[in-house]
Amino acid sequence: MIRIIYASSATVEFTESKLMQLLGKARQNNGELDVSGLLLYAKGNFFQILEGDEQKVDVLFNKIEQDDRHGSVVVLDRAEISKRAFPNWSMGFRNLESFDKSQIRGYNDFLDRKLTAEEFGDIGDEVISLINQFRTI
Ligand code: FAD
């Protein structure tokens, strides 16, 4: 198994209902592929972890990457794993805008504004740590 963690930037406005629509499709597809993970959203930035069979995750990621509802897709981590961090979630979701900032460890200004692809490249460790706060195991 592998995991891929990436950051990306929305190219269209994502209302709550658009996010829910995206999530519904993701959960359906991921369930069929036995891919699990988590999607985080804040201020037009997406952070996602996808985990599962290597070939399935790679094929799915290639499809997601080509979705023109987001751009500036930057892979922050791609690694072999022996255990899933989100075994129970075909795709968990947190809209970080609805959190009290003090509840999020290491809350950084990168969650307050839309970032560029170059900036995504500099915050890999922070994003991994952020994702880990929502682990289910
Ligand atoms: P269909 O649902 O038939 O979609 C066909 C095409 O229409 C796709 O190319 C898609 O880009 C586009 N499309 C679909 N819905 C909309 C819409 N509401 N508005 C505009 N265009 C649309 N998919 C997953 O399966 N798993 C994931 O974990 C996942 N995570 C994502 C994370 C982000 C940040 C984004 C932006 C998308 C994500 N997607 C995910 C969606 C993915 O990119 C594809 O849209 C989806 O997998 C296509 O599903 P489908 O093959 O059943 O095609």
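This is a selection-by-selection tour of a predicted model.

**The annotated span**

Start by selecting residues 1-92. UniProt, in an unreviewed entry, places the feature "domain: BLUF" there. The span is 33% helix and 39% strand, and its end C-alpha atoms lie 19 Å apart.

**The sheet**

Next, show the strands alone. Five of them form an open sheet in the order 4-1-3-2-5, with mixed pairing. Strand 4 (70-80) and strand 5 are the edges, each pairing on one side only. From one strand to the next, the twist averages 15 degrees.

Select strand 1 (residues 2-10) together with strand 4. The two run antiparallel and are joined by eight bridges. To find one point of this pairing, label Ile2, which stands opposite Glu80 in strand 4.

While strand 4 is on screen, pick Ser72, which is placed in that strand. Ser72 is not a glycine, yet its phi is positive, at about 50 degrees. Is Ser72 buried, partly exposed or exposed? Its relative accessible area is 37%, and buried means under 20% while exposed means over 50%, so Ser72 is partly exposed.

**Strand 2 and its neighbours**

Move to strand 2 (residues 36-42), where seven of seven residues are buried. In a regular strand the side chains alternate between the two faces of the sheet. Colour the two sides of strand 2 separately: Ser36, Leu38, Leu40 and Ala42 are on one, Gly37, Leu39 and Tyr41 on the other, and both faces are covered.

Strands of a sheet pair through backbone hydrogen bonds, either parallel or antiparallel. Strand 2 offers a case of each:

- Add strand 3 (residues 45-52), which pairs with strand 2 in the antiparallel sense over seven bridges. Leu38 stands opposite Ile49 of strand 3.
- Add strand 5 (residues 92-95), which runs parallel to strand 2 and is joined to it by four bridges. Here Leu39 has Phe93 as its bridge partner.

Zoom in on the turn between strand 2 and strand 3. This hairpin has two residues between the strands, and Lys43 takes a positive phi near 50 degrees. Then go back to the loop between helix 1 and strand 2, where Asp34 lies. Asp34 is another residue other than glycine with a positive phi, near 60 degrees.

**Helix 1**

Select helix 1 (residues 16-33) and label Met20 within it. Met20 has 39% relative accessibility and counts as partly exposed. For a distance check, draw a line from the C-alpha atom of Met20 to that of Glu97: the separation is 15 Å, for residues 77 apart along the chain.

**Helix 2**

Now select helix 2 (residues 54-65). Its twelve residues should span 16 Å at 1.5 Å a residue, and the end C-alpha atoms are indeed 16 Å apart. Which residues of helix 2 are buried? They are Val57, Leu60, Phe61 and Ile64. Look down the axis of helix 2: the buried residues fall within an arc of 100 degrees, so they line one face. The face turned away from that side carries the exposed residues Gln55, Val59 and Lys63. To see what covers the buried residues of helix 2, switch on strand 1, helix 1, strand 3 and strand 4, which are among the covering elements.

**Helix 4**

Finish with helix 4 (residues 124-132), which lies across strand 1, strand 2, strand 3 and strand 4. Set the view to compare its direction with strand 1: the angle between helix 4 and strand 1 is about 110 degrees.

Definitions and conventions:
Residues are numbered from 1 along each chain as its sequence is written. This is a predicted model: local features need pLDDT of at least 70, side-chain atom pairs count only at pLDDT 80 or more; totals for chains, interfaces and linings use all residues. Side-chain values use heavy atoms; hydrogens and water are left out. Buried means under 20% relative accessible area, exposed over 50%, partly exposed in between (1.4 Å probe, protein chains only). UniProt positions are given in the numbering used here, feature names are shortened, and annotations may be inferred rather than shown by experiment. Two strands pair if DSSP finds at least two bridges between them. Axes are lines fitted to C-alpha atoms, for helices over the stretch in contact, and angles run from 0 to 180 degrees between N-to-C directions. Contact means heavy atoms within 4.5 Å. The expected span of a helix is 1.5 Å times one less than its number of residues. The arc is that of the directions from the helix axis to the C-beta atoms.
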